[in-house]
Amino acid sequence: ILEIVLKVFVNTLKFALITSPLWFLLLVKLLRRRRRKFAKDPVDRLSGGWREVTGRVRDLGTKLPHSNTRYENGQLLEQRFPEAGMPTLATSADRHVFGPTTPTDQQVDEYWSDVGTALKQMRRSVPWWRRPLAVLSPASIPWGHARDVVLARSSRRITRIRTSRMGEWTRARASALKGAVTEKLSRRKKV
């Protein structure tokens with residue numbers, strides 16, 4: 001019986017290892033959604049709702065121009081997902097983000113409720129075989145942006161290290177020069 005348990009454990013471990021990229025992808029998407037939905041700033045939460053919509057659109061296979069405004073993208077998405085009410089979502093996000101007052105928590109919660117409804121409508125409008133592909137699609141994850149962030153952090157770290165080493169060298173050199181100048185001046189005073 002121990003042999004059977006061990007085989008089951010090893011096979012389960014193999015399966016988990018083979019499917020780990022999919023689990024990682026699902027975890028990244030879940031954490032991203034939570035970060036967007038529960039951001040401290042209400043404006044960030046509203047913007048996050050729209051980003052959640054555009055991310056799902058990318059996962060479903062529709063590319064949006066980066067240069068478009070929310071409203072323009074909403075108009076484009078209205079053609080692809082007519083029942084989702086994208087122009088209304090885009091206009092609402094713009095009104096709250098660029099409006100004179102900060103949106104209330106109730107307005108943000110209502111917006112996220114509308115986002116959830118729109119996401120369901122979008123999911124229903126695609127063929128059944130496309131739905132699981134969208135869940136597992138890496139299209140909405142900005143890998144290039146993540147790479148740029150990592151590179152920027154590492155370059156700042158390298159710059160800090162160089163600067164601190166250069167600072168030590170500069171201080172040591174300045175101290176040595178100060179000592180040499182002081183010594184020369186004291187010799188001149190003696191003469």
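This report walks through the fold, one helix face, two residues and two pockets of a predicted model.

## Overall fold

Let's start with the whole chain. The protein chain has 191 residues, and 28% of them count as buried. Its secondary structure is made up of 8 helices and 0 strands, so the order of elements from the N terminus on reads α-α-α-α-α-α-α-α.

How do the contacts spread along the sequence? Taking contacts between residues at least 6 apart in sequence, 66% join residues at least 24 apart. As for the surface, the chain exposes about 14100 Å², with carbon and sulfur atoms supplying 62% of that area.

## Helix H4 and its buried face

Helix H4 covers residues 70-80, and its buried residues are Arg70, Asn73, Gly74 and Leu77. Viewed down the axis of H4, these buried residues fall within an arc of 105°, so they line one face of the helix. The spacing makes sense in light of a general rule: an α-helix has 3.6 residues a turn, so residues three or four places apart point the same way.

What do the buried residues of H4 pack against? Their partners are H3 and H5.

## Asp94 and Glu110

Asp94 sits in helix H5, which spans residues 86-98. Setting aside neighbours within four places in sequence, Asp94 is in contact with Arg70, Tyr71 and Gly99. One of these partners, Arg70, is also among the buried residues of H4. Asp94 can be related to Leu46 as well: the two are 48 residues apart in sequence, with 9.1 Å between their C-alpha atoms.

Glu110 belongs to helix H6, residues 105-125. Is Glu110 buried or partly exposed? Its relative accessible area is 43%, so Glu110 is partly exposed, lying between the 20% limit for buried and the 50% limit for exposed. Leu46 comes up again here, since Glu110 and Leu46 are 64 residues apart in sequence and 10.0 Å apart in space, C-alpha to C-alpha.

## The largest pocket

The largest pocket has a volume of about 490 Å³. It is lined by 19 residues, and those nearest its centre are Thr54, Gly55, Arg58, Leu64 and His66. Two elements give two or more residues to this lining: helix H2 (20-37) and helix H3 (42-59). H3 provides the largest share, with 4 residues.

What is the chemical character of this lining? The residues divide into 5 nonpolar, 9 polar and 5 charged.

## The second largest pocket

The second largest pocket has a volume of about 290 Å³. Of the 15 residues that line it, Lys29, Glu52, Arg56, Asp59 and Val135 are the closest to its centre. The elements giving two or more residues to this lining are H2, H3 and helix H7 (130-135). Here H2 gives the most, with 5 residues.

The lining of this second pocket divides into 5 nonpolar, 2 polar and 8 charged residues. Helices H2 and H3 therefore deserve a joint look on screen: they are named for the lining of the largest pocket, and they are named again for the lining of the second largest pocket.

Key:
Residues numbered from 1 in each chain as written. Predicted model: local features only at pLDDT ≥ 70, side-chain atom pairs only at ≥ 80, totals over all residues. Heavy atoms only, no water. 1 Å grid on protein atoms, 1.4 Å probe; cavity = no way out; pocket = protein on both sides within 12 Å on 5 of 7 lines; lining within 4 Å. Points joined across faces, edges and corners; volume = space filled by probe spheres on them. Nonpolar A, V, L, I, M, F, W, Y, C, P; charged D, E, K, R; others polar. Contact = heavy atoms within 4.5 Å. Buried < 20%, exposed > 50% of the residue type's maximum accessible area, 1.4 Å probe, protein only. Areas by Shrake-Rupley, 256 points an atom, 1.4 Å probe, with all protein chains shown as cover. Arc of directions from axis to C-beta.
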